[in-house]
Amino acid sequence: MPDPPPLLTLRGIGKSFLGVRVLDGIDLDVAPGEVHAVVGENGAGKSTLMKIVSGGYAPDTGSIEVAGARRVLRGPRDAQRAGIGIIHQEFNLLPERTVAENVHLGHEPVRHGLVDRRAMREHTRSLLAAIGETDLAADTRVGRLGVAQQQVVEIAKALALDARLLIMDEPTAALADHEVELLYGLVRRLQQRGIGVLYVSHRLTEVFDLSDRITVLKDGRLVTTVDTADTSTDDLVRHMVGRELSSYYPDRAAPDDLGPVRLTVRGAGNRKLRAVDLDLRAGEVLGIGGLQGSGRSALARALFGVSPFTTGDVTLDGRPVRLRSPRAAVRAGIAYVTEDRKGEGIVPRQSVLDNALLAGRAVFPARSGHAARTRRVRDLLAAVEVRAAGDDQEIRFLSGGNQQKVVLARWLALDPRVLLFDEPTRGIDVGAKSAIHDLVRRLARDGAAVLMISSDLPELLGMSDRIVVMRDGRIAGELPADATEEDVVALAVGHAPEADR
Amino acid sequence: TDEPGGGPGGGSTSAAGSGTGEQSKFFVQADYDAELALLGATPTGPADKPWEQMLNPTMVDTTTFRKAGPHKLCFSNAALNNPWRQVGFKTMQAEVAAQGSRISEFVHVDAEGKDQKQIADINDLLGKGCDALIVSPNTTATLTPAVEAACKAGLPVVVFDRGVSTKCPVTFINPIGGYGFGHVGAEFVSQKIKPGGKVLALRILPGVDVLETRWSAAKVAFDKAKVDVVGVEFTDGDPAKTKKIVDDYLQRYGTIDGVWMDAGAVAVAAVEAFQDAGKPVPPINGEDQLDFLKVWKDKGLTAIAPTYPTYQWRTPVIAALRILDGQQVANPWKLPQPTITQDNLDRYLDPGMPPLHYAMCGCTDLPGYPQRWK
Amino acid sequence: MQLVQRRPSSPRRVRLRPGGVLPILALLAVLLVLVGIRQPDFLDPPSLMSFLGRSAPVILLAAGQYFVIVSGEFDLSVGSLVTAQVVVAARLIDSDPARTWPVVLLLLVFGALVGLVNGLVTTRLRVPSFITTLGMFLILVGAVYLWSDGAPKGGLSEEFRRFGRRAIEDVPLLGRMPYALLVLVVVAALAVLLMRSDFGRTLLAVGDNPRTAQLSGVRVWRTRTVAFVLSGLAAAVAAILLGGYSGVSFQAGAGLEFGAITAVVLGGVALGGGRGSVVGAMLGALSLELLFALMNFYGVSGALRSTVQGAIILLAVAVSATRSSSR
Amino acid sequence: MSALSLLPVRRRVPGVFVALGLTLAVGWLVVLVDGGQLFNQATTVSLLHVAAGLGLVAVGQTLVILGGSLDLSVAYVISLSTLVAAETMNGSDGALLPAVGLALAVSAGVGLLNGLLVTRFRVNAFIATLGVGLLLKGYLDSNYDGPAGTTSPALVQSLGYQRVGPVPLSFLLLLALTGVVWFALARTRFGHHLVAVGGDPEVARLSGVRNDRVLVAAHVLCSLCAGLAGIYLASRLGSGAPRVGTEGLYDLESIAAVVIGGTALAGGRGGVVGTVGGVLLLASIDAIFNQLEVDAFFKQVIRGVVIIAAVAVYARRALRKAAS
Ligand SMILES: Nc1ncnc2c1ncn2[C@@H]1O[C@H](COP(=O)(O)OP(=O)(O)OP(=O)(O)O)[C@@H](O)[C@H]1O
Ligand SMILES: Nc1ncnc2c1ncn2[C@@H]1O[C@H](COP(=O)(O)OP(=O)(O)OP(=O)(O)O)[C@@H](O)[C@H]1O
Ligand SMILES: [Mg+2]
Ligand SMILES: [Mg+2]
């Protein structure tokens, strides 16, 4: 143990929700200047623990000490007072308010008893600059921002507190690689200033790059705390999952697995996209790369009829289709797993089963009887390994990763011909991630055409049969499966000449 | 608790009653005595035109208001939100039509039951060059300042139905009033029931002066007759609520021997509640609405219908014109308030008119009858 | 699906979760006991049946309101719709028995139509339903007064009134069976079935997160519009029963919209949508009606009634709300 | 209520003022053709008086609605406040200030009760304030048979009837109150926190906002505004009136004015300036119809249509804005 008292000491933390034990006897400490990573499967209790430390939940048992002094945190405000800041896994932002207002919510700077708007703007600007985000105006409404920019705002919001201990619950889930680099720099600077960081992530590379120590949680219990230097990825995975994971990515499609062209897009565009040409073949996984705001999600949303193409043509299996609404897209056999799970993926207060049945119920009258449909969805929920107290549990009580799996099951139940995945494994643990990767590959092998957007470059490179990189609403170029991360980044930032297609 | 002091009137008696509760703060013994005396008085004026008759009139001089016609009459109306006011207003419009060329323009503003709006309305009318102003106040006390302002503007003001607490209008027109109404019904019910019988009192809503006086007179009568008033309930004028209340009281007490109510709106519903429960309809009072009169006749009820005649809506127009002619008018102008009994029931029951029409409209001789009221 | 921990997922926990019907059942039981103490013969079958029959319109309105509320909207127009329907029925039937059925049909169509307009204005023109239905409330009240010149005309036929007023007498066991109760039972069964169907589930999803619902292929606007139509239909049926029970008056529907919303919330349905059961909503309405009867039996004085009513509603909702909350 | 609108609406709406301008222009023309004058002194004064009464309530209502709550008890608070004020004054000018203070204190007490029910006891605002309204109704019904008390002449002459040109003092009071509230929303922590709580209570809580305090404060302020409206009405009516609030439909009309003014019923978006626009719009419609002597029921139909149409127009504008 380090000499100065630890910044944070947790002893015997326990928490139950509606009688279900979610955390049990967790001990953990963070020293000044230490980056302490917390890893574990989806639903292991990481976010719950972080919310307890930041005052969002009250623990049932156990004690919290901050810098050696015992604290009872009656709410987030108490935690802020104690110098604890948090970047939440789910965004905690008000879409109707500006960036500056969001960043300072709860602790607005005042002068003569009045909110000092100028100070607020300037402080926000400097915080954003510190994360390397210089072209995000402080008085933009947050609702207008894309997911990645919202993530940046969320980070700035936590930094604004000037905390002694900063909790980061999957801060990079929505970030692209170069932004992750910037975040690394930030964390190191914080570290140098003696600030402790609790870092939760499913990206083990980050964990190894950043942390001094790693704590592994499993099913609400502490498995082990290890020094990062003394452990390896395989060890960590074994602790987390309880078994070895042999290979990360399934085999790619063999040339004769590829079917005919299923989806073609010609000269299509809308307010965000221009001159998009695209071919998607049955049996292939087409990866879409690009920086944040490059139009990847816009492409998926256009294909799914959320904000449809206004020009150009789309054909599906050779027939022209007009994808004017999500419903039309679903009927045409297209499925879309959105990147904003909380806002667009789940119906929070409905059960797991109802969530999984939603699309089927809405669009197709039960083809082979209600009972059969329910049985099939139950099988799918089991197949994607959803962890819940039961399929009648409200989905909002599931961990983020498990929610994502339920959303996947919803679409799989429809046997879609084209699957649009927008960051499908965001916030998903290693075990489940590889399960999802297998699933995606299996779907392709069974003849579906998969379009997968991912900001996780290793995943993009590991999963795709072909990679299309977008920039400024256009397709910047196409890369073969054996491209490197550098190739993708070069295309995305526009340094390399656009490759022929 | 926080007893409001010094409402209009104030001197309240509190006879120890059985279940009738405390006497209303609106109860004024002197007014009560006066109204009861008026019930027996003989009106002056044409016998076939009760709306021109006066009870114990004191005439006032109006020569200062004399003006050459035709006239512009303005009317600030409290509301048009119930059948009584509807029938009344139609009668008033017909009266205006009947006056022909004597009235050049008749301006009507409806305050929709809002004091605040009526104050604004009156203020507004003052800017419109009216020759006379007729006001049917929404609330006595609260409209007093506005009416005073109108008097100060120099034009003759005629107030009817509810009064104002100022003497400045040229005249205040209304029938005998609530005490008379309440007393007649309560006397009838107490006389017809067996001693110790149970009476249910149904009221529309609390806090409306006209209705308060009706109940306070009934209370005096019931207390005097030592009637057991088992309940005083508010119905909001809602027949469904009325039926439920009567139903529950029937269940609670087994029988109800008499029903008194402060307005006829729910009379038929009350009667139906007894019928539906398979019980005989006890002595009951209603009002001069035709649906009640019809049930009364069809089912042979023991009933009475005190009235608050809608023909009083004719009188303000007549009064205003007389004032503008410089003729004397009575102030206050007390109109007779007939009661419909078993004996004269047939005279008032006109099956051709709609169920919620008021028999005492005095409108049969007006232009457009009966179409205008259908 | 894997179960993290099976042990506490007993049925008890499931029913106790927010939005369940347990709290309203408890309230209902307390009220029944209180009535039973004061007025034991109220619980005799015939009298209980009559009570259920006369409560049927309000319960139906609560069911209708439930569909709208659970989809995330409000319907403030139901009270005025009931009034309008009763007045229209009286004028059209004009005491002619032969017109009864055509008019009943017309009322249903009219109710559905008003619901449709509410729904389309809310969903297609994106006017908040509070405003849409408040506007509709003003329009209906104004129009019906205008149309009937300020006083209801005509009359309802005995055939029409039968639905709300009469009963099948001498039924074994139950004593009597009001027609209104029959109608209620049928409609309630339909409502429960509907909420179990795909439509019902979708409706809940729409109320919970319309964005997700839309991105799952739900036609959100259509679903919500249907909810409004259902509310309009429920108001039509309620109007037929209520007109039958108490006859024509402008007061027929006054204040019913607030009663219905109160009942729905009392029944554990969340305003804002996405949670609660139609059975709870109907039980909420029944509890309110029972509360009124209770006050009649205990002779709570007329003017104090609203105080007692307000206090009991606040208490009931506060108790169930604080019990189900956790941090 | 949360999902009334999926689409973001720009904050600086007051598009209601466009509707107001149009309404006044068309109204002026129609009244002119009818042979009248819309903007004569008497009419303008009446219009502004009506607006002042509703406006005072609606400004308070804006606060609670912005915070994601609602107050249906305002109508009863108004009535209560007229009575407390008028009875305490009892016609004497000396008791003016204590009476005003007492009326406001009682109103604030009701607001506190509303606030505590909504926060501590987690009763939905709709039900909580409806219930508190019923409690007050019971009190008023059983204790008052009609108007009571007498407003001090000084108050009647000042707040009630004093005016500067065609602008009544009460309307100036409304403008001042609006200014204060606008400033509070834009420039105080309370304002920022209130809008945050209305936008997303969980986000606000996790950001360290003390939601409960903020909401309780909003409810107290709302009731204070209703109390102020009551004092104003007492000054107009000359006495306390137990039904003036409900007869005036101040509960529903204030909410309608707030929503017409562009504030989202779900909370978190809108402002007090729009509310005043909404109030003026409603009052203008009234004034125009009054001038034209339109039948009250026809007027009600038109009002219903105009309210829906006005909001529909903003909704469309917002839709187009969001699409661009
Ligand atoms: N408010 C709540 N009510 C009930 N159960 C909850 C609640 N919040 C979380 N849980 C349960 O607690 C468990 C732990 O959830 P938590 O969000 O902490 O997991 P996590 O480790 O952060 O997972 P992920 O990696 O997917 O984010 C899950 O089983 C979840 O269902
Ligand atoms: N909830 C939403 N509602 C409406 N539009 C949305 C929503 N979420 C995302 N969008 C739109 O989709 C776009 C996301 O695609 P964008 O053009 O930002 O490219 P991207 O590369 O997918 O960026 P990112 O990495 O942030 O997902 C956003 O700009 C936004 O306008
Ligand atoms: Mg988590
Ligand atoms: Mg994206």
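Helices α5 (147–159) and α9 (296–303) of chain A each supply at least two residues of the shell around ligand 2. Helices (H or I, at least four residues) and strands (E, at least two) are DSSP runs, numbered from the N terminus. This is a predicted model, in which local features need pLDDT of at least 70 and side-chain atom pairs count only at pLDDT 80 or more, while totals for chains, interfaces and linings use all residues. Residues are numbered from 1 along each chain as its sequence is written, chains are lettered from A and ligands numbered from 1 in the order in which they are written, and side-chain values use heavy atoms, with hydrogens and water left out.

Let us stay with ligand 2. Its shell draws the largest share, 4 residues, from α9(A). Among the 15 residues around this ligand, the nearest are A:Lys272, A:Gly295, A:Arg296, A:Ser297 and A:Glu344; a residue is near a molecule if one of its heavy atoms lies within 4 Å of it. The site is shared between chains, because residues from chains A and C surround ligand 2. By residue type, the shell splits into 4 nonpolar, 5 polar and 6 charged. Here Ala, Val, Leu, Ile, Met, Phe, Trp, Tyr, Cys and Pro count as nonpolar, Asp, Glu, Lys and Arg as charged, and the others, Gly among them, as polar.

Now for ligand 1, which has 19 residues around it, with A:Asn42, A:Ser47, A:Thr48, A:His202 and A:Phe397 coming nearest. The largest share of its shell, 3 residues, comes from α1(A). This shell divides into 6 nonpolar, 10 polar and 3 charged residues.

The table lists some polar contacts of the two ligands (pairs of N or O atoms within 3.5 Å; within protein, one must be able to donate a hydrogen and the other to accept it, and residues adjacent in sequence count only if both atoms are side-chain atoms).

| Ligand atom | Protein partner | Distance |
|---|---|---|
| Oxygen of ligand 1 | A:Asn42, side chain | 2.8 Å |
| Oxygen of ligand 1 | A:Gly43, backbone | 2.8 Å |
| Oxygen of ligand 1 | A:Gly45, backbone | 2.9 Å |
| Oxygen of ligand 2 | A:Lys272, side chain | 2.5 Å |
| Oxygen of ligand 2 | A:Ser294, side chain | 3.2 Å |
| Oxygen of ligand 2 | A:Ala298, backbone | 3.3 Å |

On its own, ligand 2 exposes 600 Å², of which the protein buries 76%. Accessible areas come from the Shrake-Rupley method with a 1.4 Å probe; for residues, only the protein chains shown count as cover.

Next come the salt bridges (a side-chain nitrogen of Lys or Arg within 4 Å of a carboxyl oxygen of Asp or Glu). Over all chains, the structure holds 72 of them. One joins the side chains of A:Asp29 and A:Arg213, at 2.9 Å from N to O. A:Asp29 lies in strand β2 (residues 20–30) of chain A and A:Arg213 in strand β11 (residues 213–218) of chain A, so this pair ties together parts that are 184 residues apart in sequence.

What do chains C and D share? Chain C and chain D bury about 4100 Å² between them, with 80% of it on carbon and sulfur atoms. Buried area is the accessible area (1.4 Å probe) that two parts lose on being put together, summed over both. In chain C, the residues that lose the most area to chain D are C:Arg126, C:Phe130 and C:Leu314, together 15% of what that side buries. The rule finds 0 salt bridges across this interface, and 1 residue pair is in polar contact, both at pLDDT 80 or more. On the side of chain C that touches chain D, α6(C) gives the most, with 14 residues.
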